[in-house]
Each structure stands twice: as C-alpha cells, then as structure tokens.
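Work through these exercises with the structure open. Try each task before you read its solution.

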Amino acid sequence: MNKMSKYFKALGLITLLMSTGSAWAQAGEPSTAGKVEFYIVMGFVFATALVVLAVSVVVLKLLRLMVKLQARKEAEAKGEVYVEPVKKSWWSRFLTEANDAVPVEKEETIMLDHNYDGIRELDNHLPPWWKWLFYISIAFSVVYMAVYHVFGTMPLQLEEYQAEVAIAEEVALARKADAPASNINEENVERVTDQALLDNGREVFISNCAPCHKEDGAGGIGPNLTDNYWIHGGDIKSIFKTIKQGVPEKGMISWEPLLSPDEMQNVASFIMDLVGTNPPNAKGPQGDLYEQDSEGGEEPAPADSVKTVEASLE
Ligand code: HEC
C-alpha cells in the first residue's frame with residue numbers, strides 16, 4: 001500500500017505541474033513574458049529539487065556512518081573484531097542489477113529441453129535495463145500525449161512555428177513603422193558617403209552578412225566582396241538589387257523582408273567601400289571584372305553572364 005500511495009503522490013504532482021502549465025499558457029497571449037515566467041519557475045523547481053537531492057545524499061551518508069559506528073561498538077562490546085562489509089561500487093551493483101544475467105556456470109538451470117540438431121535454447125528473461133527503458137517510454141508517451149494532445153499545455157510544432165512567424169511579423173512591422181518612409185529602390189538607389197549611414201551599413205553587414213561573406217568581406221560561403229569581380233554587377237544599383245532580391249538558388253536569401261530600403265542602401269554602399277581593401281585569406285575572384293570608376297560604368301552587368309574567373313588575386 002505504501003508503494004501505491006507513492007505512485008498517487010507522483011501522479012498528483014504531474015497533474016499539478018501540467019495544470020499550472022496550462023494556466024500559464026492561457027494567461028499569456030503570444031507571450032514571451034509568460035514563457036520567461038514559466039522558465040523561471042521551472043528553474044526554481046529544478047534548483048530546489050537539486051538542493052533536496054544533495055541534502056538527502058548527505059543525510060544518507062551520515063546515517064550509514066552512524067550504522068557503521070553502532071555495529072563497531074556492538075562488536076567491540078562482544079569482544080569481537082569489527083570487519084567492515086565488502087562494498088561493491090554502486091556502478092557494478094547497478095550493472096549486475098540492470099543485466100541480471102544468469103551466470104554461465106548456472107546456465108543449465110534455464111536450458112529449455114528441446115534440441116534442434118544440437119542447437120539448444122536458454123530461457124533467458126528480458127534484461128531489466130531493457131524493461132526499464134520500455135516502461136519509461138510508456139510513461140513518457142502518456143505524459144507526452146497529455147501535455148501536447150489532451151491538455152494542450154505545450155504548443156505543437158505547427159503552432160510554435162505560427163507563433164514565431166506572428167512575432168517576427170510584428171517585429172518587422174514595428175521596425176518598418178519606426179523607419180522613416182522610404183522609396184529607395186534599385187532604380188533610384190545612390191551610394192551614400194555619410195559616415196553615420198556607412199556605420200549603419202557596417203552594423204547591418206556584421207550582423208546579417210558576415211557569416212557567409214566574412215566580417216571583412218573576404219568571402220566564405222558567399223563570394224569575396226572586396227575585389228573588382230562581380231557575378232551580379234558591381235555598381236550600386238546591381239548590388240542593391242542583389243541584396244534586395246537575393247540569389248535564393250545559390251543560398252543567399254532575399255533581404256527585402258528583413259532590411260529596410262535605407263538599410264539595404266547603407267549596406268550596399270558599405271560593400272562598395274570594401275572594394276580594394278585586400279583582406280587576408282580572401283576568396284578568389286568570381287564573376288566578371290567591373291571597372292568601378294570608369295565613366296558610364298553604371299550599366300549593370302547582365303546577371304546571366306555568370307562565369308568564374310580562376311585567376312588568383314593580384
Ligand atoms: C547564407 C549565406 C549568405 C548570407 C547570409 C549573405 N550572402 Fe550574399 N551571397 C551569398 C552567396 C552564396 C552569393 C553568391 C550568389 C551567386 O553565386 O550568384 C552571394 C552574393 C552576394 C552578392 C553579389 C556578389 C557578386 O559577386 O555579384 C552581394 C552584393 C551580397 N551577396 C551581399 C550580401 C549582403 C549585403 C548580405 C547581408 C545583408 C549577404 N550577402 C548575406 C551568400 C550569402
């Protein structure tokens with residue numbers, strides 16, 4: 001019965017956790033705040049559990065020590081020499097228990113009596129570790145089912161995705177609302193020289209583009225942006241257009257949904273300033289040579305004239 005009451009207690013705790021969880025889920029809207037609270041409380045519960053565990057271990061050790069001392073006292077009172085019992089490590093005890101295999105010498109006791117042309121069979125039971133995993137997975141599936149499909153405490157993948165998209169849309173809208181109305185596009189974009197704007201361009205570049213183009217523009221997954229070779233044209237309009245539309249089939253997304261037109265103009269100008277900086281370990285040239293300072297060189301190179309120039313830098 002004692003065992004039963006333990007199970008009920010555990011069950012009660014689980015239900016409690018799940019119901020409080022759903023209360024949170026209802027309280028918070030597409031809430032990041034509710035989530036944070038949830039994690040704080042969970043962290044607190046976890047930390048408390050750890051402390052309780054540590055204290056129990058210490059108490060257990062103390063109890064063991066007391067038992068040992070008592071045994072020694074009793075032995076001494078009887079005039080015997082106290083011999084400490086041989087202690088196996090918890091790990092080896094665990095292994096023995098988890099495998100619970102019949103030792104080779106005793107295999108005869110579990111031999112089945114049929115015999116197929118000399119092939120005989122042992123009546124081994126399932127190893128306990130296997131059974132434990134099986135029971136744990138059953139328990140997990142019940143909790144999973146309850147949490148995700150019965151109580152709806154946690155969002156399903158699709159809901160999670162939709163919530164994230166909704167938040168991202170809100171953020172994007174808020175940022176667009178903050179940004180001054182701008183009608184910069186690939187037709188009227190101009191190279192900016194104002195230091196504040198270029199600094200903004202650098203910020204945009206470092207946080208969005210550096211993973212593929214390197215912080216100094218030397219190129220990595222994406223091409224080197226510091227040489228005079230361009231796959232999609234090296235004038236401000238072409239660069240702006242490449243950033244805005246991306247080259248999705250080559251792995252660069254369209255940045256239009258993520259960056260404001262001003263930011264794209266700034267980062268495009270920042271990139272143009274990178275040309276000629278000769279950073280170390282730069283990627284070899286790709287695309288066509290573009291004379292940046294030539295008169296009337298503003299015509300964008302046709303995008304389909306993609307060819308890789310194998311010549312090395314310099
Ligand atoms: C996931 C990797 C990745 C990220 C992030 C990325 N790019 Fe690219 N980028 C590429 C690849 C790959 C190409 C080459 C496309 C091709 O081969 O046509 C490219 C090409 C370009 C080009 C054209 C280069 C040329 O030779 O014509 C420009 C300009 C550019 N990226 C700017 C940016 C800017 C600005 C950002 C950040 C806002 C950025 N990229 C972020 C991968 C990336």
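The exercises below deal with a predicted model.

**Exercise 1.** Find which residues come nearest to the ligand, and list polar contacts of the ligand.

Solution.
- Step 1: Look at the 22 residues around the ligand; Cys209, Cys212, His213, His232 and Met252 come nearest.
- Step 2: Check the histidine side chains. An N or O atom of the His213 side chain is 2.7 Å from a ligand nitrogen. For His232, a side-chain N or O atom is 2.6 Å from a ligand oxygen.
- Step 3: Check the backbone. A polar backbone atom of Ile231 is 2.8 Å from an oxygen of the ligand.

**Exercise 2.** Work out which helix gives the largest share of the shell around the ligand, and sort the shell by class.

Solution.
- Step 1: Helix 6 (195–213), helix 7 (236–245) and helix 8 (261–274) each give two or more residues to the shell.
- Step 2: Helix 6 has the largest share, with 4 residues.
- Step 3: By class, the shell holds 15 nonpolar, 6 polar and 1 charged residues.

**Exercise 3.** Classify the aromatic pairs Phe38–Tyr39 and Tyr144–Tyr148.

Solution.
- Step 1: Take Phe38 and Tyr39. Their centres are 5.7 Å apart and their planes are at 70°. Over 60 degrees counts as edge-to-face, so this pair is edge-to-face.
- Step 2: Compare with the cut-offs for accessibility. Phe38 is buried because its 19% is under 20%. Tyr39 is exposed because its 55% is over 50%.
- Step 3: Take Tyr144 and Tyr148. Their ring centres are 4.6 Å apart with planes at 35°, so the pair is tilted.
- Step 4: Locate this pair. Tyr144 and Tyr148 are 4 residues apart in helix 4, so about one helical turn separates them.

Notes:
Residues are numbered from 1 along each chain as its sequence is written. This is a predicted model: local features need pLDDT of at least 70, side-chain atom pairs count only at pLDDT 80 or more; totals for chains, interfaces and linings use all residues. Side-chain values use heavy atoms; hydrogens and water are left out. A residue is near a molecule or strand if one of its heavy atoms lies within 4 Å of it. A polar contact is a pair of N or O atoms within 3.5 Å; within protein, one must be able to donate a hydrogen and the other to accept it, and residues adjacent in sequence count only if both atoms are side-chain atoms. Ala, Val, Leu, Ile, Met, Phe, Trp, Tyr, Cys and Pro count as nonpolar, Asp, Glu, Lys and Arg as charged, and the others, Gly among them, as polar. Rings of Phe, Tyr and Trp (its six-membered ring) pair if their centres lie within 6.5 Å; planes under 30 degrees apart count as stacked, over 60 as edge-to-face and the rest as tilted. Buried means under 20% relative accessible area, exposed over 50%, partly exposed in between (1.4 Å probe, protein chains only).
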